[in-house]
Amino acid sequence: MQVLQQGRVLEGKDADNILKIMSNDQALKILRSTIDTPKSAWDISTASAIPLTQVYRWIRRLHNSGLVRVSGDTNESGKKFFMYQSKVHSIKVTLMPTTETLVELS
């Protein structure tokens, strides 16, 4: 199996990891929720009805896989906050007659 991610081909464990993430409903809700605008974990949680702890777990996994962009800043009172935005806008899976599968993320 190969995964083409923003022009890079990922193989083996990386490709398997991307497909496992894409098959999870919570991960997809987080990606859909953050396609257009960056959101805080709290905003994602309330909009998608996913517990906040699960949102943080999935964001960490999505970020480690290169599927979510994380940006941070400090508010007026000096408290840090983070915003999360999906790097994925489309997913294309091509099944080959052999055991090879091609996954393209853009």
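**Exercise 1. Identify which exposed residues lie on the face of H3 turned away from its buried side, and then work out how the buried residues of the helix are arranged.**

Solution. In this predicted model, the face of helix H3 that is turned away from its buried side carries Trp42, Thr46 and Ala47, which are exposed. The next step is to list the buried residues of H3, and these are Ala41, Ile44, Ser45 and Ser48. Seen down the axis of H3, these buried residues fall within an arc of 100 degrees, so they line one face of the helix. The last step is to ask what that face meets: the buried residues of H3 pack against H2, H4 and strand S4 (80–86). Just after the helix comes Ala49, whose phi is positive, near 60 degrees.

**Exercise 2. Decide whether Ser33 is buried or exposed, and place the residue in its surroundings.**

Solution. Begin with the position in the chain, where Ser33 belongs to helix H2, which spans residues 25–33. Its relative accessibility is 14%, and because buried means under 20%, Ser33 counts as buried. For the surroundings, neighbours within four places in sequence are set aside, and Ser33 is then in contact with Lys39 and Ile44. Of these partners, Ile44 is one of the buried residues of H3.

**Exercise 3. Determine how H2 and H4 are oriented to each other, and describe the residues of their contact.**

Solution. Take the axes before the side chains: those of H2 and helix H4 (residues 52–64) come within 10 Å and cross at roughly 80 degrees. Since angles of 65 to 115 degrees count as roughly perpendicular, H2 and H4 are therefore roughly perpendicular to each other. On the H2 side the contact is made by Gln26, Ala27, Ile30 and Leu31, while H4 contributes Gln54, Val55, Trp58, Ile59 and Leu62. Sorted by character, the residues of this contact comprise seven nonpolar, two polar and no charged.

**Exercise 4. Find which elements give two or more residues to the largest nonpolar core, and which of them gives the most.**

Solution. The largest nonpolar core has 19 residues, and those with the most contacts inside it are Ile21, Ile30, Ile59, Leu62 and Leu67. Two or more residues come from each of helix H1 (13–22), H2, helix H3 (41–48), H4 and strand S6 (101–105). Among these elements, H4 gives the most, with four residues. As a final step, set the core within the whole chain, which has four helices and six strands in the sequence pattern β-β-α-α-α-α-β-β-β-β, and in which 32% of the 106 residues count as buried.

Note on methods. Residues numbered from 1 in each chain as written. Predicted model: local features only at pLDDT ≥ 70, side-chain atom pairs only at ≥ 80, totals over all residues. Heavy atoms only, no water. Buried < 20%, exposed > 50% of the residue type's maximum accessible area, 1.4 Å probe, protein only. Contact = heavy atoms within 4.5 Å. Axes fitted to C-alpha atoms, helices over the stretch in contact; angles between N-to-C directions. Parallel < 35°, antiparallel > 145°, perpendicular 65-115°, else oblique. Nonpolar A, V, L, I, M, F, W, Y, C, P; charged D, E, K, R; others polar. Core = buried A, V, L, I, M, F, W, Y, C linked by side-chain atoms within 4.5 Å. Arc of directions from axis to C-beta.
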